[in-house]
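Work through the following exercises with the sequence and the coordinates at hand. Each task is followed by a solution in steps.

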Amino acid sequence: MSGGGPVTGPALLELLSRPAPEVAPRLLGGLFGLRTGEGTVVLRITEVEAYGGPDGSDLPDPGAHTWRGRTARNASMFGPPGHVYVYFTYGMHHAVNLVCRPEGTAGGCLLRAGEVVEGLELARARRAAGRSGPVPGAALARGPGNLAKALGIDLTHDGAPLAAGQNAAAPGFFLELDGPGGGAADRGPRTGVSGPGGTPEFPWRWWLPGEPSVSPYRPAVPRRRR
């Protein structure tokens, strides 16, 4: 996306106050990063998914963690906007969402993939931990678990605020978006979401076409009862 100058300050917060399906395609091409004591890793967002709220809300989403209401685990998804929601899944991966909607109204955008544009060696070191070989550059932040690992994200970051732009020197998250532009994006069903939330009825996954960092679509795998 390009044109109109960077989206910062109140304009960024106003954007993130909108429903996630409106916000998600605007995130594509934006820069998302995290400063830690180890260093800074920044990625260009190439794939996102939007998630809504509980049953009975104005944007009910059976594929969202918020579907059955607010819990200790998903509380960050209920706002305020301009924060992150981090969760742990499959007993091994963290994933990060940018929280949308006004406080008390659930919504968020899952960051599914990105291209590492700063802190490449640190991202490689984090991803190489426990592996027998190096990770190809395009795969460093492909998939939400790999993206979180490359950035150094874990549950301690749940609920942390976003800074607008890269100029702030303090540790933490930052987000920098271009103004509205005509950048092309593909869309389709969300990947790995079971039930109605993973059907074409919810085409809430957007990605930049032709980007090697974008993860392949995978339908949900039915769980077998033992």
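**Exercise 1. Place the pair Arg124 and Glu121 in the fold and describe their contact.**

Step 1. Both residues belong to helix 3 (residues 120-128), and because they are three residues apart there, about one helical turn separates them. The model is a predicted one.

Step 2. Arg124 and Glu121 form a salt bridge, with 2.9 Å between the closest N and O atoms.

Step 3. Classify each partner by accessibility. Glu121 has 55% relative accessibility, so Glu121 is exposed, the cut-off being over 50%. Arg124, with a relative accessible area of 33%, is partly exposed.

Step 4. Look for salt bridges that share partners: Glu47, Glu49, Arg112 and Arg205 are joined by them into one network. The structure holds 10 salt bridges.

**Exercise 2. Find which parts of the chain the salt bridge between Glu211 and Arg44 links.**

Step 1. Check the distance: the closest N and O atoms of Glu211 and Arg44 are 2.6 Å apart, and the pair forms a salt bridge.

Step 2. Locate the partners. Glu211 lies in the segment after strand 9 (205-207) and Arg44 in strand 2; with their positions 167 residues apart, the pair links distant parts of the chain.

Step 3. Compute accessibility. Glu211 has a relative accessible area of 22% and is partly exposed. Arg44 is also partly exposed, at 22%.

**Exercise 3. Decide whether His157 is buried or exposed, and list its contacts outside the local sequence.**

Step 1. His157 sits in the loop between helix 4 (144-151) and strand 6 (162-164).

Step 2. The relative accessibility of His157 is 16%; buried means under 20%, so His157 is buried.

Step 3. Set aside neighbours within four places in sequence. His157 is then in contact with Leu34, Val84, Val86, Gly152 and Phe173.

**Exercise 4. Describe the largest pocket by volume and lining.**

Step 1. The volume of the largest pocket is about 1,400 Å³.

Step 2. The lining of this pocket consists of 38 residues, and Thr89, Tyr90, Thr191, Gly192 and Val193 lie nearest its centre.

Step 3. Assign the lining to elements. Those giving two or more residues are strand 2 (39-51), strand 3 (84-89), strand 4 (93-99), strand 5 (108-118) and helix 4.

Step 4. Sort the lining residues by type: 18 are nonpolar, 12 polar and eight charged.

Terms used:
Residues are numbered from 1 along each chain as its sequence is written. This is a predicted model: local features need pLDDT of at least 70, side-chain atom pairs count only at pLDDT 80 or more; totals for chains, interfaces and linings use all residues. Side-chain values use heavy atoms; hydrogens and water are left out. Helices (H or I, at least four residues) and strands (E, at least two) are DSSP runs, numbered from the N terminus. Buried means under 20% relative accessible area, exposed over 50%, partly exposed in between (1.4 Å probe, protein chains only). Contact means heavy atoms within 4.5 Å. On a 1 Å grid over the protein atoms alone, a cavity is a set of points where a 1.4 Å probe fits but cannot get out, and a pocket is an open set with protein on both sides within 12 Å along at least five of seven lines; lining residues have an atom within 4 Å of a point. Grid points are joined across faces, edges and corners, and a volume is the space filled by probe spheres set on the points. Ala, Val, Leu, Ile, Met, Phe, Trp, Tyr, Cys and Pro count as nonpolar, Asp, Glu, Lys and Arg as charged, and the others, Gly among them, as polar. A salt bridge is a side-chain nitrogen of Lys or Arg within 4 Å of a carboxyl oxygen of Asp or Glu.
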